[in-house]
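Here is a protein to walk through step by step. Take a look at the chain before reading on.

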Amino acid sequence: MVNKRDHGGGLDAAILSYGGQRSTWIDLSTGINPVPYGIPEIAADGWTALPDRAAADALIEAARQFWHVPHSASIIAAPGASCLIANMPYLSAAKTVHIHGPTYNEHAAAFVAAGQTVSQDGTRAETCDAQVVVHPNNPDGKLWDAGDITAPFKIIDESFCDVCPDASLVRRTTEPYTIVLKSFGKFWGLAGLRLGFAIGQPDLIATLSDRLGPWPVSGPALQIGTAALRDENWAARTRTRLGQDTERLDALMQAKGAKPLGGTTLFRLYDVGDAHAYQDKLAQAHIWSRIFPYSDRWLRLGLPHPTQWDRLEAAL
């Protein structure tokens, strides 16, 4: 049996334990924007035809403009950032990798599955062949400086960086063996679309392309992703709203005795004393939260939809 790793979501299991139906639950266990980008009309051939080169090129050009990708770097789109993470160990001959943790656990799992040795705290990154940083980090929101990333092969996971674009390290993709990963589903709130991007030097991206094969992204995802990445006004309005909602959530949690530990404007991390008890209290009200196997005090909450604040306040 495959060993399932700890993640947010898992609402089905919560429903089995606490009852209710999916439609009646508030899922705050992920860092997905609760107000998603409005899906544009999909051309009929987006569903019926194999994705064509023009549609793929339009998406890549929109991504290049949105993320200010250096001219010398290449971009590839894939069916989700997790797909790209799983392929990272095969882009170099690295035998040892340093992953700054605690962080998103799929990075370590990918390298372990490929037979590499993973080290975390207590090991200097520059002594390893590869290095992974999640920027900003999940779950504490830590931002990394360029000088912190020193190994020969560098993987910078910017899945949550669209809330703070000025902090992006995409400029480093002009350097050899440096990859920046981007997730579409989180900031645009369309995780089910399964769309992610890798940015790096052309030889690295060509290797990824060979591994992913033809047509890695569906026709609807190409069209929706292109429209969203071109919509700078939506992105600016969304960052403002997320910032305001983050302040509201922090104030609400602090009033209940929780201590903010960081996060981003898509998720917040709190010290609540007894994380299991806190999760249970919220789950009794059919609100799902995120706790972690490595801390019995930490609770992570995503932002509620604008219509859900009253339920959250009542549950707390």
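The paragraphs below go from strands to sheet, then to the cores, and finally to some backbone details. The model is predicted.

Start with strand 3, residues 96-99. What does strand 3 pair with? One partner is strand 4, residues 117-119. The two run parallel and are joined by three bridges. Within this pairing, Val97 stands opposite Val118 of strand 4. To get from strand 3 to strand 4, the chain passes through helix 5. This β-α-β crossover is right-handed. Strand 3 also pairs with strand 5, again over three bridges and in the parallel sense. Here His98 has Gln131 of strand 5 as its bridge partner. In general, strands of a sheet pair through backbone hydrogen bonds, in either a parallel or an antiparallel way.

The antiparallel kind appears further along the chain. Four strands make an open sheet there, in the order 9-10-13-12. Which strands form its edges? They are strand 9 (259-263) and strand 12 (290-292), and each pairs on one side only. On average, neighbouring strands in this sheet are turned by 30 degrees against each other, direction ignored. Look at strand 9 and strand 10 (267-271): four bridges join them, and they run antiparallel. Gly263 stands opposite Arg268 of strand 10.

Helices pack on this sheet as well. Helix 8, residues 232-255, lies across strand 9, strand 10 and strand 13 (295-302). Helix 8 runs at about 15 degrees to strand 10. Helix 9 touches strand 12 and strand 13. The direction of helix 9 makes about 35 degrees with that of strand 13.

Now turn to the interior. The largest nonpolar core has 61 residues. Which of them touch the most other members? They are Trp67, Trp188, Phe197, Leu229, Met253, Leu282 and Leu312. Where does this core lie? Domain 1 (11-36 + 233-315) and domain 2 (44-230) both give residues to the core, so it lies between them. Trp188 is a good residue to follow here. Leaving aside residues up to four places away in sequence, Trp188 touches a list that includes Asn33, Pro36, Phe66, Trp67, Asp162, Leu229 and Trp234. Apart from the largest core lies another, of 23 residues. Among its members are Ile85, Leu91, Ile179 and Ala198.

Some backbone details remain, and they sit in loops. Gly101 and Pro102 are joined by a cis peptide bond, with omega about 0 degrees. Pro102 belongs to the loop between strand 3 and helix 5 (106-113). The peptide bond from His135 to Pro136 is also cis, with omega near -5 degrees. Pro136 is in the loop between strand 5 (130-134) and strand 6 (153-157).

Two residues other than glycine have a positive phi. Arg194 has phi near 60 degrees. Arg194 lies in the loop between strand 7 (178-183) and strand 8 (196-200). His286 also has phi near 60 degrees. His286 lies in the loop between helix 9 (275-284) and strand 11 (287-288). Is Arg194 buried or partly exposed? Its relative accessible area is 39%, so Arg194 counts as partly exposed. For His286 the relative accessible area is 19%. Buried means under 20%, so His286 counts as buried.

Definitions and conventions: Residues are numbered from 1 along each chain as its sequence is written. This is a predicted model: local features need pLDDT of at least 70, side-chain atom pairs count only at pLDDT 80 or more; totals for chains, interfaces and linings use all residues. Side-chain values use heavy atoms; hydrogens and water are left out. Buried means under 20% relative accessible area, exposed over 50%, partly exposed in between (1.4 Å probe, protein chains only). Two strands pair if DSSP finds at least two bridges between them. A crossover is right-handed if, with the strands pointing away from the viewer, the path from the first strand over the helix to the second runs clockwise. A nonpolar core is a set of buried Ala, Val, Leu, Ile, Met, Phe, Trp, Tyr and Cys residues joined through side-chain atoms within 4.5 Å. Domain bounds come from an automatic or database domain assignment. Contact means heavy atoms within 4.5 Å. Axes are lines fitted to C-alpha atoms, for helices over the stretch in contact, and angles run from 0 to 180 degrees between N-to-C directions.
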